[in-house]
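User: Please take one part of this structure and look at it closely, starting from a single residue and then moving outward to what surrounds it. I am in my first year, so please go slowly and give the reasoning for each step.

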Amino acid sequence: MAAALSALKANRTKIWVGAVTLLLVFYLVVSFERSLLLMSDQNLVAKAIGVAYLVLPVIGAWALVRELLFGARTERLAKILEAEGGLPEDTLPRTPAGRIIREAADLEFEKYRAEAEAAPDDWRSWFRISCAYDAAGDRKRARASMRDAVRMFRAGAQKP
C-alpha cells in the first residue's frame with residue numbers, strides 16, 4: 001500500500017496530465033461529432049456553424065499534441081541532465097507558503113545567464129536558464145528557453 005501511494009505521489013503530475021488529456025480528447029470527439037451533425041443539416045446557417053465548429057477540434061488536437069511533445073522532450077532532457085549530474089539544485093529559500101523568494105531567484109539567475117552567454121550553443125545551459133527563469137517567475141521566457149534547449153538538442157542529435 002505504501003509503495004502504491006509513493007508511486008502515486010511520484011507520478012502525480014503525469015496522472016493529472018493524463019486525466020486532462022482524456023477529458024480534452026473526449027471534448028474534441030464530441031465537438032467533431034456535433035460539427036458533422038450540424039453540417040448534415042439542411043439549413044445553411046447550421047452547415048456554416050458546423051464548418052466553423054469543426055475548426056475547434058482541429059486546433060485543440062494540434063495544441064494537445066504540441067504540448068504533450070513539449071513535455072515529453074523536456075522530460076527527456078531533464079533525465080539526461082540528471083544522469084550527467086547537471087540539473088540545477090533547488091536550494092532557493094522559500095516563504096512559509098512554499099513560494100521561492102524572488103530576490104534569491106534573481107541572484108541565482110545571473111549565474112545561469114552568464115553560463116548561457118558563455119555557451120550559447122549548448123542545450124544544457126539553455127535548459128538551466130529555463131529553470132532559472134521559471135524560479136524567477138518569468139514563465140514566458142522559461143518556456144521559450146526550454147524550446148530553444150529542445151531545438152538545440154534535436155539539432156545536435158541529428159548530426160552524424
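Analyst: **One serine and its surroundings**

S35 has a relative accessible area of 0%, and because buried means under 20%, this residue counts as buried. The model is a predicted one, and each value that follows is computed from it.

S35 sits in helix α2, and there are two ways to describe what lies around this residue. Within its own stretch of chain, the side chain of S35 comes to 2.6 Å from the backbone oxygen of F32. Once the neighbours within four places in sequence are set aside, S35 is in contact with G50, Y53 and L54. One of these partners, G50, is itself listed among the buried residues of α3.

It helps to step back and look at the helix that holds this serine. Helix α2 is built from 28 residues, and the distance from its first C-alpha to its last is 40 Å, close to the 40 Å expected at 1.5 Å a residue. Its buried residues are T21, L28, S31 and S35, and α3 is included in what covers them. A general point about helices is useful here: an α-helix makes one turn in 3.6 residues, so residues three or four places apart point the same way.

T21, another of the buried residues of α2, makes a helpful comparison with the serine. Its relative accessibility is 16%, and T21 therefore counts as buried, the cut-off being under 20%. Apart from neighbours within four places in sequence, T21 is in contact with L64 and L68, and L64 appears among the buried residues of α3.

What of a residue in α2 that is not on the buried list? E33 lies in this helix too, and with a relative accessible area of 37% it is partly exposed, because that class runs between the 20% limit for buried and the 50% limit for exposed. E33 is 17 residues away from G50 in sequence, while their C-alpha atoms are 9.6 Å apart in space.

The next step is the helix on the covering side. Helix α3 has 41 residues, which should span 60 Å at 1.5 Å a residue, and since its end C-alpha atoms are 61 Å apart, the two values agree. The residues buried in α3 are A46, G50, P57, G60, L64, F70, T74, L77 and L81. The N-terminal end of α3 is capped by N43, which places a side-chain oxygen 2.9 Å from the backbone nitrogen of V45. Just beyond the other end of the helix, G85 takes a positive phi of about 75 degrees.

V58 shows that α3 also has a residue open to the outside. This valine belongs to α3, and its relative accessible area of 55% makes it exposed, because exposed means over 50%. V58 and S31 are 27 residues apart along the chain, and their C-alpha atoms are separated by 9.8 Å.

Both helices also take part in the largest pocket of the model, which holds about 690 Å³ of space. Of the 24 residues that line this pocket, those closest to its centre are T13, K14, V17, G71 and E75. The elements that give two or more residues to the lining are α2 (12-39) and α3 (44-84), and the largest share, 12 residues, comes from α3. Sorted by class, the lining contains 13 nonpolar, five polar and six charged residues.

A last link leads from α3 to another helix. R124 is part of helix α5, and leaving out residues up to four places away in sequence, R124 touches L81 and E84; of these, L81 is on the buried list of α3. R124 itself is partly exposed, because its relative accessible area is 25%, which falls between the limits of 20% and 50%. The 13 residues of α5 (residues 123-135) should span 18 Å at 1.5 Å a residue, and its end C-alpha atoms are 18 Å apart, which agrees. The N-terminal end of α5 is capped by D122, whose side-chain oxygen lies 3.1 Å from the backbone nitrogen of R124.

To return to the starting point, S35 is a buried residue of α2, and its contacts beyond its sequence neighbours are G50, Y53 and L54.

Terms used: Residues numbered from 1 in each chain as written. Predicted model: local features only at pLDDT ≥ 70, side-chain atom pairs only at ≥ 80, totals over all residues. Heavy atoms only, no water. 1 Å grid on protein atoms, 1.4 Å probe; cavity = no way out; pocket = protein on both sides within 12 Å on 5 of 7 lines; lining within 4 Å. Points joined across faces, edges and corners; volume = space filled by probe spheres on them. Helix = DSSP H or I, 4+ residues; strand = E, 2+ residues; numbered from the N terminus. Nonpolar A, V, L, I, M, F, W, Y, C, P; charged D, E, K, R; others polar. Buried < 20%, exposed > 50% of the residue type's maximum accessible area, 1.4 Å probe, protein only. Polar contact = N/O pair within 3.5 Å; in protein donor to acceptor, adjacent residues only side chain to side chain. Contact = heavy atoms within 4.5 Å. Expected span 1.5 Å × (residues − 1).
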